[in-house]
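Colleague: I would like to go through this model with you, one question at a time. Please reason each answer out for a beginner.

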Amino acid sequence: MLRTTAAVLAGKAARAASRLRGGGSALPGLVAEKVDPGFLSHALADVPRGIVVVSGTNGKTTTTKMLVAVLRAHGLVVFTNPTGSNFTRGVISSMLGELPVSGRLKADMAVLELDEAHALKFAAAVRPTHALLLNVARDQLDRFAEIDHTAQLLASLAEQATTGVVLNIDDSFISRIRDKVDDDVAVRYFGVDASIADRLPEIQEQDVRFDDDFVPPKPGPDDGLLKPGDERTFEVLFGEPGQDGDGTGQNVGPLELQQRGLAAMINATAATTAARMLLGSRFDAAKAEAALRAVTPPFGRGEVVMVDGQPLELVLVKNPAGFTVALGTYGSTPVSTMIAINDNYADGRDVSWLYDVSFDSLRERGVAMTSGVRAYDMALRLQYDDVPVDAIEPDLEKALDAFLAGHRDQPMRIFCTYTAMMSLRRVLAARYDLPDIGEEAS
């Protein structure tokens with residue numbers, strides 16, 4: 001008890017100092033964990049309604065935010081890690097702002113976004129009651145190597161869940177995890193309706209394993225399926241197509257999200273399916289729909305910053321599937337474009353994945369600026385796709401200044417890797433009074 005209290009006080013002091021210096025979000029968690037290695041298990045010991053881990057390559061931050069919104073709309077007090085710092089130390093850092101000196105979190109439920117590898121470190125300290133597993137794609141090859149390894153990490157996480165798992169039925173790397181789950185753990189699926197199955201190749205890796213006997217599961221009445229009405233509206237259907245789920249009126253929608261794109265709709269479908277599992281008979285489709293409508297894009301994931309009367313979109317890109325989806329979602333809207341690529345540890349050191357993305361959609365208007373540690377590599381990559389680049393400036397702030405000054409009367413967009421996005425957003429937050437990362441605008 002005294003050790004945990006000391007860890008809370010040390011972590012809070014580090015958090016205050018870190019905020020004053022504009023430092024990273026994981027440092028306070030590192031300090032607390034050093035003082036009390038059992039910090040996580042102590043902090044979450046009194047959370048009565050479950051510990052939910054959301055993991056997968058793409059969509060963790062958005063899906064977590066949506067799931068938390070739906071659960072809170074049903075009256076639950078939910079703890080989450082909204083800063084996107086998805087290592088165990090990032091989770092602890094998020095807790096420090098809410099923890100009393102006793103170190104025991106007061107919440108009905110915890111919904112935590114965790115990196116695929118760090119999810120297992122978390123589970124070694126605290127077994128999750130539920131796991132929501134989104135997808136597997138090539139990402140940070142220097143950390144995860146082949147995607148089979150990433151799939152194995154997520155399968156190991158599912159094995160740790162004590163009560164339920166929610167799996168992506170359309171991603172065979174994820175759906176086959178069902179065979180790893182204990183028989184007494186409930187399994188639910190989310191996915192897309194057959195009417196849009198032809199769009200799946202644009203957002204997920206192709207499974208080229210031909211020599212096994214895996215049979216894809218079929219959706220049941222408790223599994224959520226996305227059915228878009230058009231490019232912006234959609235429903236989440238439960239049960240057989242054409243029926244109202246299991247007859248209890250639990251289909252959600254039609255509704256329109258504030259975040260654009262098919263990937264966001266799929267994330268909403270995953271969150272809705274998980275919420276329905278977690279809430280059981282308390283699930284209210286009308287409350288879920290209202291909550292999803294109100295969710296704003298998380299920082300840097302399609303977030304719009306108004307700069308001198310013009311919208312500037314920040315779009316996080318970190319792997320081939322994610323960049324391809326981003327270009328498909330945002331690339332058709334004519335705007336001035338900047339691309340900022342870093343290769344720090346949190347981005348992944350290996351940026352060869354840029355060669356697995358087609359930049360043809362940028363060819364007509366070109367790219368105004370490339371920046372970041374890999375500014376010249378990005379410019380070279382664009383040259384191979386015959387995309388003209390107006391300027392190259394590795395320094396992010398100098399690049400941002402030049403980009404904004406040169407396009408004052410136009411909508412703008414910046415595609416950026418994680419650490420580049422964090423740096424750019426800090427600059428923009430200081431200039432345009434943006435809310436802190438993980439906090440909502442008032």
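Modeller: One term comes up at once: two strands pair if DSSP finds at least two bridges between them. The model is predicted.

Colleague: Which residue in strand 11 does Arg301 stand opposite?

Modeller: Strand 10 and strand 11 pair in the antiparallel sense, over six bridges. Strand 10 covers residues 301-307, and strand 11 covers 310-316. The residue in strand 11 opposite Arg301 is Val315.

Colleague: Which residue takes a positive phi in the hairpin of strand 10 and strand 11?

Modeller: This hairpin has two residues between the strands. A positive phi near 50 degrees is found there, and the residue that takes it is Asp308.

Colleague: Which strands stand at the edges of the sheet?

Modeller: Six strands form an open sheet with mixed pairing, in the order 10-11-15-12-13-14. A strand at an edge has a single partner strand, so one side of it is left without a neighbour in the sheet. The two are strand 10 and strand 14.

Colleague: Is strand 10 mostly covered or mostly open, and how many of its residues are buried?

Modeller: A residue counts as buried when its relative accessible area is under 20%. By that cut-off strand 10 is mostly covered, and the number of buried residues among its seven is five.

Colleague: What is the bridge partner of Ile339 in strand 13?

Modeller: Strand 12, residues 336-340, pairs with strand 13, residues 367-371. Their pairing is parallel, over three bridges. In strand 13, the partner of Ile339 is Thr370.

Colleague: What angle does the direction of helix 12 make with that of strand 15?

Modeller: Helix 12, residues 320-330, packs on the sheet. Strand 10, strand 11, strand 12 and strand 15 are touched by this helix. Its direction and that of strand 15 make an angle of about 170 degrees.

Colleague: Why does Tyr355 count as partly exposed?

Modeller: Tyr355 lies in the loop between strand 12 and strand 13, and together with Leu380 and Tyr384 it makes a nonpolar surface patch of about 330 Å². Partly exposed means between the buried limit of 20% and the exposed limit of 50%. Tyr355 falls in that range because its relative accessibility is 43%.

Colleague: How far apart in space are Gly59 and Asn267?

Modeller: Gly59 lies in the loop between strand 1 and helix 4. Leaving aside neighbours within four places in sequence, Gly59 is in contact with Leu134 and Asn267. Gly59 and Asn267 are 208 residues apart in sequence, while their C-alpha to C-alpha distance is 6.5 Å.

Notes. Residues are numbered from 1 along each chain as its sequence is written. This is a predicted model: local features need pLDDT of at least 70, side-chain atom pairs count only at pLDDT 80 or more; totals for chains, interfaces and linings use all residues. Side-chain values use heavy atoms; hydrogens and water are left out. Helices (H or I, at least four residues) and strands (E, at least two) are DSSP runs, numbered from the N terminus. Contact means heavy atoms within 4.5 Å. Axes are lines fitted to C-alpha atoms, for helices over the stretch in contact, and angles run from 0 to 180 degrees between N-to-C directions. Patches are made of residues with over 30% relative accessible area and no salt bridge: like charges are joined within 9 Å, nonpolar side chains (Val, Leu, Ile, Met, Phe, Trp, Tyr) within 5 Å. Accessible areas come from the Shrake-Rupley method with a 1.4 Å probe; for residues, only the protein chains shown count as cover. A salt bridge is a side-chain nitrogen of Lys or Arg within 4 Å of a carboxyl oxygen of Asp or Glu. Buried means under 20% relative accessible area, exposed over 50%, partly exposed in between (1.4 Å probe, protein chains only).
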